[in-house]
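Visitor: I would like to know the reasoning behind the labels people put on a model. Could you take me through some of them?
Guide: Gladly; here it is.

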Amino acid sequence: MADEHHREEPKQESLIEKISEKIPGVGHHDSSSLDSGDEKKKSSSSSSPPPSPSPSPMKSNIYRLFGREKPVHKVFGGGKPADVFLWRNKKTSAGVLGVATAAWILFELLEYHLLTLVCYILILALSILFLWSNASTFIQKRPPHIPEFHIPEKPLLEFAAALRIEINRAFVVLRDIASGRDLKKFLYAIAGLWVLSIVGNWCNFLTLFYIAFVLLHTLPVFYEKYEVQVDSFAEKVHAEIKKQYAVFDAKVLSKIPRGPLKKD
C-alpha cells in the first residue's frame, strides 16, 4: 500500500504541472508579480526627479514705510529705549511719559524756570533729609538711608557714540544736498525746513520737543500694531507723490538750465 501511495504522488504532481503549463498565468504568477512589483519600484525611483533644493531666502517685494528691512523694535536699537517707545513695559513707558508731561506743565504752563525749580527741589530735599538725620536720635528711629548715585559709564558712552554717528550722518546728508547732486533731496530738505519754521512760530522749543517726545511714544506702537494698513496707505501716497513729481519735473525742473557738476 505504501508503494502504491508513493507512486500516486508523482502522478498527481505531473498532472498539476501539465494543467499549469496549459493555462497561462497560473504557474509563475506569484514570482512574476513580485518581480513586476520590484521593477515598478525601481522604475518609479529612477524616474522620480531629484529633490529640489530649498529656495534661497529672498527679500520680500512688499512696500515698507521708509524702505525699512528690519522689525520696528530693531529699528529703534532693540534695547531698553526700544522697549520704552514700543510699550513693552507699560509701567516704565507710562512713567517716562508722565515725567515728561509733568516737566512740560511746570515749565510751559506754570512758567517755572529750570534753574529755579531745581534749586527749590534741592532745598526741600536737603532740608527734609538733614532734619530727619538729626532728629532720628530723639524720636528713636533709624536715620534715612541715602543711596549713592552715580552715572554709569557704559550707557553714557553708548549714547554718545550713537549720537555721534547720527550727527555725522546728518552732516553727510547736508553736504550731499548742498553739492547739487540730487534735486529731489534738495526739495525735500527745503520743504521740511519750511514746515519746521512754521511750526516754530506756533510754539517754542520746549513745546516742540515735548510734541516730538509724545509722538515717539505713540506713533511707533501704533505703526507696529497696524503695520499692514499703514504700509498699504503709504505705498499709495508714495506712488501719488512720485506721479506728481514726474509732472512737476517735466513741466518746470527740466526747463531750468543747469551747468556741469564738478566731480570730487
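Guide: Let us start with a rule: the expected span of a helix is 1.5 Å times one less than its number of residues. Please keep in mind that this is a predicted model.

Visitor: How do you know that the ends of helix H7 are as far apart as they should be?
Guide: Helix H7 covers residues 153–178, so its 26 residues should span 38 Å at 1.5 Å a residue. The end C-alpha atoms are 37 Å apart, which agrees. Just after H7 comes Gly-180, with a positive phi of about 80°.

Visitor: Why is His-217 called buried?
Guide: Buried means under 20% relative accessible area. His-217 has 1%, so the label applies. This residue sits in helix H9, and its contacts include Phe-85, Trp-87 and Leu-97.

Visitor: What makes Arg-88 and Glu-224 a salt bridge?
Guide: The cut-off is 4 Å between a side-chain nitrogen of Lys or Arg and a carboxyl oxygen of Asp or Glu. Here N to O is 2.9 Å, so the pair qualifies. Arg-88 lies in the loop between helices H4 and H5 and Glu-224 in helix H9, so the pair ties together parts that are 136 residues apart in sequence.

Visitor: Why is Arg-88 called partly exposed?
Guide: The label covers values between 20% and 50%. Arg-88 has a relative accessible area of 44%, so it belongs there. Glu-224, at 28%, is partly exposed too.

Definitions and conventions:
Residues numbered from 1 in each chain as written. Predicted model: local features only at pLDDT ≥ 70, side-chain atom pairs only at ≥ 80, totals over all residues. Heavy atoms only, no water. Helix = DSSP H or I, 4+ residues; strand = E, 2+ residues; numbered from the N terminus. Buried < 20%, exposed > 50% of the residue type's maximum accessible area, 1.4 Å probe, protein only. Contact = heavy atoms within 4.5 Å. Lists of a residue's contacts leave out its neighbours within four places in sequence.
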